[in-house]
Structure formats: C-alpha cells, structure tokens
Amino acid sequence: MYTNILTAQNNGITRITINRPSKLNALNKETIQELHAAFRVADLDAETKVIIVTGSGEKAFVAGADISEFADFSVAEGGNLAQKGQELLFDFVANLSTPVIAAVNGFALGGGLELAMAAHFRVASDNAKMGLPEVSLGVIPGYGGTQRLPQLVGKGRAMEMIMTAGMIDANQAQQYGLVNHVTTQEELLPLAEKLAGKIMRNSSVAIAAAIKSVNSAYEDGINGFKVEIEQFGNCFGTEDFKEGTTAFLEKRKAEFPGK
Ligand code: COA
C-alpha cells in the first residue's frame, strides 16, 4: 500500500515506521504524503488509541528532509515546500486527537527532529543524535523547528542548537527535556508501548480535549485558559465522563466507551 513507510495496528496501537533506511529515512515528498495518509487513517480508526512513529534500521529515525529534492528550488518553491510540509505532516501530527509518541531510534536531524517535536512527546534510544543542521546548508528549519525547539528546550538552548548546527546525544536531549526517557535500542519500542498502554487506560475523549487545550497555549491569538474552560465543560457531556466518575464511586476500574 505504501512505498516508503510501514504501518501495523495491534492492541490499540498503530505503529508507523518510516522505511527508507538506505537514505537514513530522509523525508522526500512522497514519504510526507504517505505519512499524512497513514496518520489520518490511524486517527480516524476507532481501534487506534495511540500512534507510535519510528524509523526503520538501527541508524536513523529520520536524517532530515531529502536534500536531493530541494537543492535547486527557487524562493517560491522553498516557501511552498515549508508550507505544504507543515500542513500535511508537522502541524497535522501536532493537532491530531490521537496521542502520538515519537520513538527516536537514531539520527533525528532537521525534518526528522521536527517530526519528533511535532509528536506529543518523545522517547529515545541511547544511540540517538538530535539536531537542526539546516544553517550548515544555507537554510533554516522550515518544518516548525524554529518554533517547537524553543518551546521544548528554551530559547537559549534552541538558538545554540540552531546556530551551531550541532547534534546532541540522547542524554543531553533528556537533560534538555527534549525527550522524556532514554533506553537501549532493544527496549525503545517496548518502552513506547508501555507508555501507550498507560495512556490507553484513560478516556480517549478526555485525552483529545487535553491535547487541544495544551496546544492552544502555543497558538497566536488564542486564550488557552478559555479553551481549557470550554474543553473541560464539554467533557461533562461525554459517556466517558459518566463512566469514569461512576466507576470511581463504585470502586471499580473504568471501561471507557471512548465517546
Ligand atoms: N537527504 C537526502 N539523503 C540523505 C539525507 C538527507 N537529509 N541524509 C542521509 N542521506 C543519504 C546519503 O546521501 C546517503 O545516500 P547514498 O548512500 O545514496 O550516498 C545515505 O543517506 C547514507 O548517508 P551517509 O551520509 O552516507 O551516512 P553517514 O553515516 O556517513 O552520515 C549523517 C550520517 C546523518 C551524519 C549524514 O547522512 C548527514 O549529515 N545527513 C544530512 C543531515 C541533514 O543535514 N539534515 C537536514 C536536512 S534539511
């Protein structure tokens, strides 16, 4: 069905794997389109409670946008590349209702780190290396990197990473708060699945409302506190809320219908 990615659905988790290992999973146009389609399908799938995105092979999560595709672009084409990419993939992933965990299994550079940062949170294997090397190519991060990196690690650290075009290792990324957990390569997907399992016990409707509320803090012209109030109120009209509160009062485990 797809040329550059693999998808698998199991036990409430859809795993999306970027699968161009010979190019270190670099994001070409086709891969971005396929990722858009796969994330969309997973988000609409009632059986999918959590999405895990990772890279195939032992070396790379994603080594960036495919440089060979844009090397001869004009100003207009460059702007369009960033806009289309943000719409189709990076903003799209950040705003999904289904939680997305990035399992960073190696190099996450440029568009690769930007994809990991668009996910709702990140875990990494101890061989992972992260950076935004765009200025070494004469461009800047164009898939949300100049916005999301400062949000995650603070302005000064982001400025240093972007200006030096350097890479940080998994432990430093954890110290920076860029990834939440670091583990071995073998344990990376099991760890992501364990976290997914914890998420899945909770109300998917409430989680979607939480994602919307948290994201609204970073949207221009939107008052996040107001969004939170509205989303909080909406929860009271859901079957999940009735089940969650009833189960608590009856001292039993909630079985959320996800509605
Ligand atoms: N775009 C296109 N192709 C890429 C790529 C990218 N972002 N990153 C890696 N590749 C390709 C290489 O061209 C090479 O292809 P080839 O075998 O056909 O020549 C293949 O992937 C393997 O990469 P290679 O550079 O040989 O691996 P390495 O272990 O020596 O180096 C990196 C690994 C990640 C340090 C190096 O590939 C790199 O710097 N990549 C570009 C990172 C970047 O600047 N990303 C931001 C883009 S905006």
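Trainee: Let's start with one residue: is Thr238 buried or exposed?
Mentor: Happy to start there, and keep in mind that this is a predicted model. Thr238 has a relative accessible area of 13%. Buried means under 20%, so with its 13% Thr238 counts as buried.

Trainee: Where in the chain does Thr238 sit?
Mentor: Look at the two helices on either side of it, α10 (224-235) and α11 (239-249). Thr238 belongs to neither of them, and its place is in the loop between α10 and α11.

Trainee: Which backbone oxygen does the side chain of Thr238 reach?
Mentor: A polar contact needs a pair of N or O atoms within 3.5 Å. The side chain of Thr238 has such a partner at 2.7 Å, and that partner is the backbone oxygen of Cys235.

Trainee: Which residues does Thr238 touch, not counting those up to four places away in sequence?
Mentor: Contact here means heavy atoms within 4.5 Å. With the residues up to four places away set aside, Thr238 touches Val205 and Lys259.

Trainee: Now the ligand, please. Which residues around the ligand come nearest?
Mentor: There are 14 residues around the ligand, and the shell divides into nine nonpolar, one polar and four charged. Those that come nearest are Lys23, Lys59, Ala63, Ala65 and Ile67.

Trainee: How much of the ligand's surface does the protein bury?
Mentor: Let's begin with the backbone atoms beside the ligand. A backbone N or O atom of Ala65 lies 2.9 Å from a ligand nitrogen atom, one of Ile67 lies 3.0 Å from a ligand nitrogen atom, and one of Ser22 lies 3.5 Å from a ligand oxygen atom. Taken alone the ligand exposes 860 Å², and the share of this that the protein buries is 59%.

Trainee: Stepping back to the chain, why is it as compact as a globular protein of that length?
Mentor: The chain holds eleven helices and ten strands. For 259 residues the globule rule gives 18 Å, so the chain is as compact as a globular protein of that length, its radius of gyration being close to that value at 19 Å.

Trainee: What share of the contacts with a separation of 6 or more comes from residues 24 or more positions apart?
Mentor: Some context on the chain helps: its C-alpha trace spans about 60 × 40 × 35 Å along the principal axes, and buried residues make up 44% of the 259 residues. Among the contacts with a separation of 6 or more, residues 24 or more positions apart account for 68%.

Note on methods:
Residues are numbered from 1 along each chain as its sequence is written. This is a predicted model: local features need pLDDT of at least 70, side-chain atom pairs count only at pLDDT 80 or more; totals for chains, interfaces and linings use all residues. Side-chain values use heavy atoms; hydrogens and water are left out. A residue is near a molecule or strand if one of its heavy atoms lies within 4 Å of it. A polar contact is a pair of N or O atoms within 3.5 Å; within protein, one must be able to donate a hydrogen and the other to accept it, and residues adjacent in sequence count only if both atoms are side-chain atoms. Accessible areas come from the Shrake-Rupley method with a 1.4 Å probe; for residues, only the protein chains shown count as cover. Ala, Val, Leu, Ile, Met, Phe, Trp, Tyr, Cys and Pro count as nonpolar, Asp, Glu, Lys and Arg as charged, and the others, Gly among them, as polar. Helices (H or I, at least four residues) and strands (E, at least two) are DSSP runs, numbered from the N terminus. The radius of gyration is taken over C-alpha atoms; the globule rule is 2.2 Å times the number of residues to the power 0.38. Buried means under 20% relative accessible area, exposed over 50%, partly exposed in between (1.4 Å probe, protein chains only).
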